[in-house]
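Reader: I am new to this structure and would like to understand how its descriptive words are earned. Could you take me through them with care?

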Amino acid sequence: MNPTAPDLNIPASDEREKLLERAMARHHNSGDALIEILHTAQQLYGYLSRPLLSKMARRLNLPPSHVLGVATFYHLFRFEPPKKHSAIVCLGTACYASGAGQLLAAAQQSASEGEWTLTTGRCVGSCGLAPIAICDGIPLARVKPGDLAAVLGGKHDG
Amino acid sequence: MSVRTLEVDGRTITAMADQTIFSAAWDNGIRIPRLCHLGGLPDAAACRLCLVEIEGQKRLQSACTTKVAEDMVVRTDTPALQAHRKLIIELLFAERNHVCSVCVVNGACELQTLAAELGVDHIRMKPQYPKLPVDVSHHRFGIDHNRCILCTRCVRVCDSVEGAHTWDVAGRGRNSLIISDLGEPWGESASCTSCGKCVQVCPTGALFSKGKTVAEMRKDRSFLQYIVTAREKRLWIAERKPR
Amino acid sequence: MTADGLRQSREAELDRQSRLKNRIACCSVAGCLAGGGDAVRAALAEEVKAQGASAEIEVCGTGCMGLCSRGPLVRSSAGEITYAEVKPGDAAAVVRSDLDSLNGRILRQSDPFFAGQRRLILANSGKVDPEKIAGYIAQGGYQSLLRATSEMTPEEIVAEVKKSKLRGRGGAGYPAGLKWELVARHPSATKYVICNADEGDPGAFMNRSVLEGDPHRVLEGMAIAGRAVGAQQGYIYARGESPLAIERIRTAIDQAQREGLLGGRVFDSDFHFRIDLRIGAGAYVCGEETALIASIEGKRGQPVLRPPYPPESGLWGHPTLINNVETFANIPQIIENGGDWFAGIGAPASPGTKIFAVAGRIRNSGLVEVPIGTSLRTILFEIGGGVPEGYEFKAAQTGGPAGGCIPAQYLDVPMDYDSLTGIGTMMGSGGLIVMDTSSCMVDVARFFMEFCMDESCGKCIPCRAGTVQMNEILGRMTSGEGKEADFAMLEALSGLLVEASLCGLGRAAPNPVLSTLRHFRSEYDAHVRERRCPAGSCRMGASA
């Protein structure tokens with residue numbers, strides 16, 4: 001559902017490599033498919049590490065700076081391991097008009113460090129339910145700042 | 001190659017059909033301001049300083065990418081264009097830190113020269129001055145991102161002339177940054193040939209030779225014309241300015 | 001698939017549906033799913049099973065029924081009733097059509113929200129399951145592709161689209177037929193068709209809903225375009241932020257390929273057409289066609305100078321037809337009913353219907369499809385139910401970050417391309433955000449400027465650095481630190497961006513500022529000269 005949530009079904013390491021190789025082969029190791037392959041790599045590994053980018057550059061015959069340049073242009077690509085939980089506060093116009101600014105402020109204050117990757121989105125397409133936040137893939141519709149703060153501050157495993 | 005006759009700033013000039021407005025004007029002593037264009041490099045049309053008015057066209061066109069045409073009437077120097085150019089220069093000065101008095105190219109900087117020509121003597125905007133890194137890991141050269149105007153001349157010369165593609169742009173918008181390879185220090189770049197072309201084409205003090213102090217660095221671009229046109233023109237001896 | 005196969009498939013599905021006593025269609029696009037639609041659908045399926053009625057009652061998914069603010073919505077074919085705000089606990093009542101216990105949440109087609117609309121592109125919403133090709137075929141789907149490949153020449157298809165006077169629904173409103181003709185006439189052997197599904201305006205979700213709710217309509221439109229212009233390969237460029245739309249497109253492409261409606265020798269003709277999906281990765285600028293092409297080519301999504309325009313030199317240098325989702329979704333009905341039929345709907349200079357995503361300070365928010373030229377008043381007050389009680393309508397923002405606002409005195413303006421341009425805004429892709437007396441217009445301008453600043457690609461200086469400074473000024477104004485000189489600088493920077501930026505994003509970025517300055521100058525003055533926010537909602541708050 002949620003493209004920025006870590007994929008919890010990350011296969012074992014050599015399996016991931018095999019899948020990435022297969023994805024590159026499917027695109028004939030063509031540099032044109034760089035963005036598709038970056039998507040695949042991020043799905044498999046959770047983020048784009050330097051060795052991973054280097055490997056793709058070599059396999060696709062692209063200059064390393066081109067690969068990093070493309071990857072960093074797009075906001076959905078991550079270069080740090082994702083944290084355990086992820087939250088997206090929608091800052092689309094409808095959400096903004098319904099107080100998403102206060103929502104974001106509350107989230108920034110309460111999100112416990114090291115546990116939550118907090119990002120903002122530009123319209124998740126549920127404007128009728130504004131303001132909306134998505135926590136670990138679960139949408140919280142018409143959410144109040146206090147309620148979101150409680151989720152972000154209080155959610156722990158076990 | 002056929003010839004075209006056009007009017008630039010009231011003067012009738014002739015140019016080859018495949019020439020751009022910029023180069024035709026240049027050949028006739030009409031200097032249109034620019035920061036990203038450099039003869040011999042592919043054009044980006046990004047700095048927007050060379051925009052000109054062409055009669056009959058609604059939009060301003062970049063002189064560096066627009067080909068001449070018969071009976072074209074071009075104006076390069078209207079008050080409106082000058083106002084836009086001043087504003088662009090101001091935006092650059094406010095975007096990053098361009099304090100001339102402590103810069104190695106002080107006195108020979110294209111940004112500085114343009115600012116003087118256009119009469120930009122103060123900045124009416126809030127300076128952003130992000131604290132950006134200075135990378136001096138390369139044994140001969142350095143890059144000071146605070147003085148970079150993102151014209152991408154270095155990226156283009158490295159890719160299309162040297163063929164190394166060490167440089168590229170990472171990030172986007174105001175967070176754009178010139179990077180070498182996978183963002184490692186320049187000195188550790190495996191692809192860099194240390195040819196120094198990027199340093200010479202850089203319009204400001206962002207790329208510099210080590211060992212120069214304030215106002216000492218001068219840039220020499222004669223190599224570009226030599227490399228790009230020498231084979232075609234069978235000129236095997238470069239006309240280089242004495243250093 | 002053959003013509004006979006299509007007919008048989010259609011008849012079989014219609015026959016199956018006619019033997020059902022009831023079809024309970026649950027909205028299964030983003031809006032209602034976010035409100036718990038999945039659980040509702042599961043509960044309904046469970047209830048039908050528990051009652052042993054699986055043979056006569058079908059529970060299925062369907063596209064957006066429009067009234068997103070009252071979701072999850074469920075439509076029952078028996079009695080043509082739509083239920084609003086359905087919870088899993090309502091399952092038994094819905095299955096039994098127990099209207100009493102659902103009192104207050106029953107919507108009928110005669111309600112102003114539905115009766116005021118004319119649903120052509122969204123015709124299948126409430127009827128067709130987006131995950132099943134049979135449902136689309138049952139409603140007459142792929143008949144137009146059959147006609148286009150077996151009865152019409154490419155020239156005739158282009159002529160029909162030209163006759164329809166369909167204008168591109170991406171925002172600028174360029175006549176689709178002219179674009180098609182340019183590509184069709186190009187002698188190149190390799191051509192491409194691209195569907196721009198990179199709908200990035202914050203507050204716009206029309207295209208996303210069409211893809212999530214009726215993906216085959218878009219595929220069919222693209223295939224007809226491929227036939228018309230002589231392309232064998234199409235791409236859909238979708239937003240990475242819309243995982244559900246991506247999933248639905250993938251499913252639909254697979255189904256269409258399996259049925260032989262895409263791929264080699266479509267309907268036994270000499271027409272081959274493949275569609276592949278390309279997924280964006282979070283860059284608004286990729287909605288600009290040259291940036292979109294760069295992105296499909298695996299590069300940074302930075303615009304390049306036009307001309308040459310894509311119909312002449314686009315993807316990998318080949319002639320390329322780019323239209324957006326809604327434009328392609330219009331094509332099947334134009335081929336089915338003819339260009340003249342289409343030209344007779346809506347406004348003479350911009351015929352057809354338009355889907356608006358209505359949101360913000362309004363009672364009924366969601367998707368509204370009306371003939372182009374319907375007045376804003378009708379959309380907001382008759383269909384939309386007006387602003388919440390205790391507030392007054394102030395303005396509607398159209399066209400997203402590239403558009404402008406429409407103040408109350410223009411409520412009767414017909415919503416068509418030219419009328420909107422005339423009052424300083426634009427149709428855009430269809431986002432319609434309503435502001436009331438509690439909304440600060442300076443803050444609205446700041447919000448959009450911040451958006452453009454974040455989304456600027458950084459290639460040209462006016463947009464990269466100009467948006468930063470404009471955002472700086474608007475930020476100052478909304479925190480009570482504005483200066484008189486800021487007005488002149490705001491205007492000078494606006495002029496620079498409009499005239500000197502490399503691409504449409506930069507050229508349009510000042511529009512929300514210019515438009516709010518034009519209609520709400522007094523609010524700006526209050527912020528700067530009196531240090532107060534009349535609406536009391538920006539960072540300055542209500543303090544005097």
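**Reading the words against the values**

Author: Chain B holds 6 helices and 10 strands, where helices (H or I, at least four residues) and strands (E, at least two) are DSSP runs, numbered from the N terminus. This is a predicted model, in which local features need pLDDT of at least 70 and side-chain atom pairs count only at pLDDT 80 or more, while totals for chains, interfaces and linings use all residues. Residues are numbered from 1 along each chain as its sequence is written, and chains are lettered from A and ligands numbered from 1 in the order in which they are written.

Reader: How do you know that the radius of gyration of chain B agrees with that of a compact globule?

Author: The radius of gyration is taken over C-alpha atoms, and the globule rule is 2.2 Å times the number of residues to the power 0.38. For 243 residues a compact globule would have a value near 18 Å, and chain B has 19 Å, so the two agree. Along its principal axes, the C-alpha trace of chain B spans about 55 × 50 × 35 Å.

Reader: What makes chain C as compact as a globular protein of its length?

Author: The secondary structure of chain C comes to 23 helices and 16 strands. Its radius of gyration is 24 Å, close to the 24 Å that the globule rule gives for 544 residues, and chain C is therefore as compact as a globular protein of that length. The C-alpha atoms of chain C fill a box of roughly 70 × 65 × 40 Å, taken along the principal axes.

Reader: Into which domains is chain B divided, and how many residues of each are in contact?

Author: Chain B is divided into domain 1 (3-77) and domain 2 (100-233), with bounds that come from an automatic or database domain assignment. Their C-alpha centres lie 25 Å apart. Two residues are in contact if their C-beta atoms, placed from the backbone, lie within 7 Å, and in chain B 11 residues of domain 1 are in contact with 15 residues of domain 2. The side of domain 1 that touches domain 2 has 9 nonpolar, 2 polar and no charged residues; here Ala, Val, Leu, Ile, Met, Phe, Trp, Tyr, Cys and Pro count as nonpolar, Asp, Glu, Lys and Arg as charged, and the others, Gly among them, as polar. In chain A, the division is into domain 1 (13-73) and domain 2 (85-154), and the C-alpha centres of these two domains lie 31 Å apart.

Reader: Why are α11(C) and α12(C) called oblique to each other?

Author: Helix α11 (residues 215-229) and helix α12 (residues 243-258) of chain C pack at an angle of about 60°, with their axes 9 Å apart. Axes are lines fitted to C-alpha atoms, for helices over the stretch in contact, and angles run from 0 to 180 degrees between N-to-C directions. Angles under 35 degrees count as roughly parallel, over 145 as roughly antiparallel, 65 to 115 as roughly perpendicular and the rest as oblique, and α11(C) and α12(C) are therefore oblique. In this contact Pro215(C), His216(C) and Leu219(C) of α11(C) meet Arg248(C), Ile249(C), Ala252(C), Ile253(C) and Ala256(C) of α12(C), a set that divides into 6 nonpolar, 1 polar and 1 charged.

Reader: What makes α11(C) roughly perpendicular to α14(C)?

Author: The axes of α11(C) and helix α14 (residues 325-337) of chain C come within 7 Å and cross at roughly 75°, which makes α11(C) roughly perpendicular to α14(C). By class, this contact has 10 nonpolar, 1 polar and 2 charged residues.

Reader: How many residues do chain B and chain C bring to their contact?

Author: The contact takes 23 residues from chain B and 23 residues from chain C. On the side of chain B, the largest share, 7 residues, comes from helix α2 (residues 79-95) of chain B, and by class that side has 12 nonpolar, 5 polar and 6 charged residues. The contact of chain A with chain C takes 35 residues from chain A and 39 residues from chain C.

Reader: Where is Pro307(C) placed, and what is the peptide bond before Pro307(C)?

Author: Pro307(C) is in the loop between α13 (289-296) and β9 (320-324) of chain C, and the peptide bond from Arg306(C) to Pro307(C) is cis, with omega near -10°. The bond from Pro307(C) to Pro308(C) is cis as well, with omega near 0°.
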